[in-house]
Amino acid sequence: MKRFFKILGIVVVILIVIVIAVPFFIDANIFRPTLESELTSTLGRQVKVGNLSLALWSGSVKADNISISDDHAFSNAPFVKAQSLKVGVELIPLIFSKTLNVTDLTLDSPQINLIRTENGDKWNFSSLGNTSRAQPASAGENQGTTKPGETAHGQSKPSESKPTQPSSTAANKPPASKEEQTSSGNPNISVSKLRVNNGQLTINTQGSGEKARGYDKVNISVDNFSFNNSFPFKLSADLPGGGTLNIDGSAGPVNPNDAAQTPLNAKVQIHQMNLADSGFIDPASGIAGIADFSGTVGSDGHMAKTSGTLIANKLQVVKKGSPAGKPVTLKYAVNYDITKQSGDLSEGDVSLGKALAHLTGNYNAHGKVTTVNMKLNGDGMPVDDLEAMLPAVGVVLPSGSRLKGGTLNTNFTIVGPVDKLVTAGTVKLQNSALAGFNLGQKLSAIPALSGKNSGNDTAIQNFSADVHMAPEGTQAQNINLTIPSIGELTGAGNVNPQNAIDFKMLASLTGSAVTGAAQMVGLGSKGGSIPFLVEGTTSDPKFRPDVQGLAKGFLKNLTNGQNGQQQQKNPLSGLSGLFKKPK
């Protein structure tokens, strides 16, 4: 037994000596041309690596200063730059036959630059893996003395070693011929483990003045990677403007003509995403807020289906709006045509408390700005829940007031580019009140309407209007507002982008609201119409008599002879009575 342990100890010492000594006898840099050639052939992009060092304990080769060229149709700058690339290798072939068989790849702290065309139909990574599009080094690279294993033009010669394979029986398969790779469109290569650690990702739009979006702490984990088969993956990242993204699913086979059209099935989790800065929403839309998302995405490379639930806090829907006071939930389902970059929204339930509206339609993201054609319908929505949403859609109520009670019905179409949306339709409000706003007091600026008391809260029996909202302002037609203490107010008007208002209205008085001054100009004891103007701003409306409208109405009454008794009086005294404060 003593002899056995002695021999065992000697063997262990020898092995340790070998492990320590082997790196001194094997210059890992002899594999640089092979590694560059294999990666260039695989990715269809010129790949350059710096110094190589052998780490025998971990069975890997480490490469410094990695760069992968971009598709020159997009940029001459590198597509990927990284501090180091760790390549897991099979030790026995490496030591005894100096053959490089790759089992795993780990890219540390890479900088990845994604660029899409201005119309959005292509990405700079679309040609990745297309072996027929391997690009030469840019002008000025590798000039001078030709390195071993490279052509005079600085390109690596095709490797005579085995292609990169995992440490399995697949490693013993013969390499695919050039003809086989060209016919399949994808290189015959697989890697057991592929990792990206602590990466930085930027997304740019070609020819656009938009600020590039940056994603930090990008980590990608892929197992059993192959261009020709499906493979599981995980991705996590910190989003622009805050928040985190986690994707867990499978992808592949890689589309040889456009990597962006690779099939995909995954679960997506997003936490505390800044909607305006995330890159998932067209910034031209003006949508902002902080959101959580949970959903799925599935794609065959041509059509994608995505569904999920988004909960947005401090949501802002239009540029001139302000954050909503309560969380808004969107449950949706979309069918998206990847080639046409168009989608159909088959489900879009928007809820705020107990208020529920349905959003359906389609959109097209092809081009500089996304265009939409949507419908938004909501019936019997509780006003108390909706009131918190008004600031988000740009509705400004008189200062110190709020809507209270009742229900709201809406029926809108939303059409056009998201930076110039046109929203048109009808709105109906029932049995509500504008709390903190005394309409009767405001109307006292018009003598013929003075003395009306609507109280501190203006009760609204009914309100309806045809509304047209566009970047140049909001138009309201066919306004019909029933205030029990006053009567029926009708008219039309505009609100400009600065919330200045210009409305022409008629007050059709009923009951005790008909004053003596009103009767003097022919309104009678059963009621009539007093024209007035509403000016100022939505937060501070101003009411004043419509002199021109009064004169036209008065002359019409005289012409028609509707009240013979009033015609016998001096008409001017009756008209002037409308502008005198009652005693």
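Which residue forms a salt bridge with Lys 122, and how many Å apart are the closest N and O atoms? Keep that one in mind while looking through the views below; the model shown is a predicted one.

**View 1. The whole chain, before we zoom in.** Here we have 583 residues, of which 43% count as buried. The chain holds 10 helices and 26 strands. Among contacts with a separation of 6 or more, 54% come from residues 24 or more positions apart. On the outside, the chain exposes about 29,800 Å², and carbon and sulfur atoms supply 56% of that area.

**View 2. Where the predictor is less sure.** Averaged over the chain, the pLDDT is 78, and 71% of the residues score at least 70. One stretch to treat with care is residues 134–184, where pLDDT stays under 50. For that stretch the model has 85 contacts beyond four places in sequence. Residues 562–583 also have a pLDDT below 50, with 35 contacts in the model beyond near neighbours in sequence.

**View 3. Lys 122 and its partner.** Back to the opening question: Lys 122 forms its salt bridge with Asp 258, and the closest N and O atoms are 3.4 Å apart. Lys 122 sits in the loop between E6 and H4, while Asp 258 sits in the loop between strand E10 (244–251) and strand E11 (264–274), so the pair ties together parts that are 136 residues apart in sequence. Are the two ends buried or partly exposed? Lys 122 is partly exposed, with a relative accessible area of 36%, whereas Asp 258 counts as buried at 5% relative accessibility.

**View 4. Thr 117, in the loop after E6.** Look for Thr 117 in the loop between strand E6 (111–116) and helix H4 (178–184). Thr 117 has a relative accessible area of 15%, and because buried means under 20%, Thr 117 counts as buried. So what does Thr 117 touch, leaving aside its neighbours within four places in sequence? The residues in contact with Thr 117 are Phe 74, Lys 122, Thr 205 and Gln 206. Lys 122 is the salt-bridge partner of Asp 258 from the previous view.

**View 5. Strands E6, E7 and E8.** Start with E6 and E7, which pair in the parallel sense over 6 bridges. One place to spot this is Leu 114, whose bridge partner in E7 is Ile 203. Next come E7 and E8, and this time the pairing is antiparallel, over 10 bridges. Leu 201 is a handy marker here: its bridge partner in E8 is Tyr 215.

**View 6. A salt bridge between E7 and E8.** Staying with these two strands, find Arg 195 and Asp 223, which form a salt bridge with the closest N and O atoms 3.0 Å apart. Arg 195 belongs to strand E7 (residues 190–205) and Asp 223 to strand E8 (residues 213–226), and the pair links parts of the chain 28 residues apart. Asp 223 is partly exposed, at a relative accessible area of 29%.

**View 7. A small salt-bridge network.** The count for the chain comes to 9 salt bridges. Which residues are linked in the network shown here? They are Lys 442, Asp 540 and Lys 542. Between Asp 540 and Lys 542, the closest N and O atoms are 3.3 Å apart. Asp 540 counts as partly exposed at 34% relative accessibility, and Lys 542 is also partly exposed, at 46%.

Technical notes
Residues numbered from 1 in each chain as written. Predicted model: local features only at pLDDT ≥ 70, side-chain atom pairs only at ≥ 80, totals over all residues. Heavy atoms only, no water. pLDDT = per-residue confidence, 0-100. Contact = heavy atoms within 4.5 Å. Helix = DSSP H or I, 4+ residues; strand = E, 2+ residues; numbered from the N terminus. Buried < 20%, exposed > 50% of the residue type's maximum accessible area, 1.4 Å probe, protein only. Areas by Shrake-Rupley, 256 points an atom, 1.4 Å probe, with all protein chains shown as cover. Salt bridge = Lys/Arg side-chain N within 4 Å of Asp/Glu carboxyl O. Pairing = 2+ DSSP bridges.
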